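Here is a short set of exercises to work through with the model open beside you. Try each task before you read its solution.

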Amino acid sequence: MVATKGPISTDTPRIRLGSHLRVLRLGYQHHGVYVGGKLVIHFSGDSKTVSPTATIREESLEDFIYGGPMGDEERKQQFAEIIEYKTRLPTQEIVERARSK
């Protein structure tokens, strides 16, 4: 596993289809899969309790990285990483699995 650390621009060509993204939040790490078209699929909600609001969501790369629409200077400073693996499933299978949840 290799992490590309640092701010990721929402229009960066470094993010490949099927990339595992990790965003550092206060007190936890948030993970998602880049599915193209500046969209990310990720889990949203509390994983420790059964919550009716917990869902698998597809949202913009910008909202995933910054935790919502940009505008707040603190959100613009969020750190995101692209996690690359030496061995991984084929790209299309990664995207299909993410969308099937």
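**Exercise 1. Find how far apart Glu93 and Arg97 lie in helix α3, and what joins them.**

Solution. Start with the sequence: Glu93 and Arg97 are four residues apart, about one turn of helix α3, in which both lie. Helices here are DSSP runs of H or I with at least four residues, strands are runs of E with at least two, and both are numbered from the N terminus. Next, look at the side chains: Glu93 forms a salt bridge with Arg97, and the closest N and O atoms are 3.1 Å apart. The term salt bridge asks for a side-chain nitrogen of Lys or Arg within 4 Å of a carboxyl oxygen of Asp or Glu. Finally, check the surface: Glu93 is partly exposed at 29% relative accessibility, and Arg97 is partly exposed at 46%. (Buried means under 20% relative accessible area, exposed over 50%, and partly exposed in between, with a 1.4 Å probe and protein chains only.)

A word on the model before going on: it is predicted, so local features need pLDDT of at least 70 and side-chain atom pairs count only at pLDDT 80 or more, while totals for chains, interfaces and linings use all residues. Residues are numbered from 1 along each chain as its sequence is written, and side-chain values use heavy atoms, with hydrogens and water left out.

**Exercise 2. List the other salt bridges and say which parts Arg99 and Glu58 tie together.**

Solution. The structure holds three salt bridges. One of them joins the side chains of Arg99 and Glu58, at 3.3 Å from N to O. Arg99 belongs to helix α3 (residues 91-100) and Glu58 to strand β5 (residues 55-60), so this pair ties together parts 41 residues apart in sequence. Arg99 is partly exposed, at 44%, and Glu58 is partly exposed too, at 42%.

Another of them links Arg57 and Glu59, whose side chains meet at 3.5 Å, N to O. Now compare the two with the cut-offs: Arg57 has 37% relative accessibility and counts as partly exposed, whereas Glu59 is buried at 16%.

**Exercise 3. Describe the lining of the second largest pocket.**

Solution. First, the method. Rolling a probe the size of a water molecule over the atoms shows where empty space is left. A pocket is an open set of points on a 1 Å grid over the protein atoms alone, where a 1.4 Å probe fits, with protein on both sides within 12 Å along at least five of seven lines; lining residues have an atom within 4 Å of a point.

Then read off the residues: Val33, Ile41, His42, Phe43, Ile56, Leu89, Ile94, Arg97, Ala98 and Lys101 line the second largest pocket. The elements giving two or more residues to this lining are β4 (39-44) and α3. Arg97, the salt-bridge partner of Glu93, is among the lining residues. The space in this pocket is about 190 Å³.

**Exercise 4. Which element gives the most to the largest nonpolar core, and where does Leu21 fit in?**

Solution. A nonpolar core is a set of buried Ala, Val, Leu, Ile, Met, Phe, Trp, Tyr and Cys residues joined through side-chain atoms within 4.5 Å. The largest one has eleven residues: Ile15, Leu21, Val23, Tyr34, Val40, Leu61, Phe64, Ile65, Tyr66, Ala80 and Ile82. Two or more residues come from each of β2 (20-25), α1 (61-66) and β6 (79-84), and α1 gives the most, with four.

Now zoom in on Leu21, which is found in strand β2 and is buried at 3% relative accessibility. Leaving out residues up to four places away in sequence, Leu21 touches several residues, including Ile15, Tyr34, Val40, Leu61, Phe64 and Ile82. (Contact means heavy atoms within 4.5 Å.) Leu21 and Phe64 are 43 residues apart along the chain, and their C-alpha atoms are separated by 9.4 Å.

**Exercise 5. Where does Lys38 lie, and what is the sign of its phi?**

Solution. Locate Lys38 in the loop between β3 (28-36) and β4. Then check the backbone: phi of Lys38 is near 60 degrees, a positive value in a residue other than glycine. Lys38 is partly exposed, with 44% relative accessibility.

Terms used:
Grid points are joined across faces, edges and corners, and a volume is the space filled by probe spheres set on the points.
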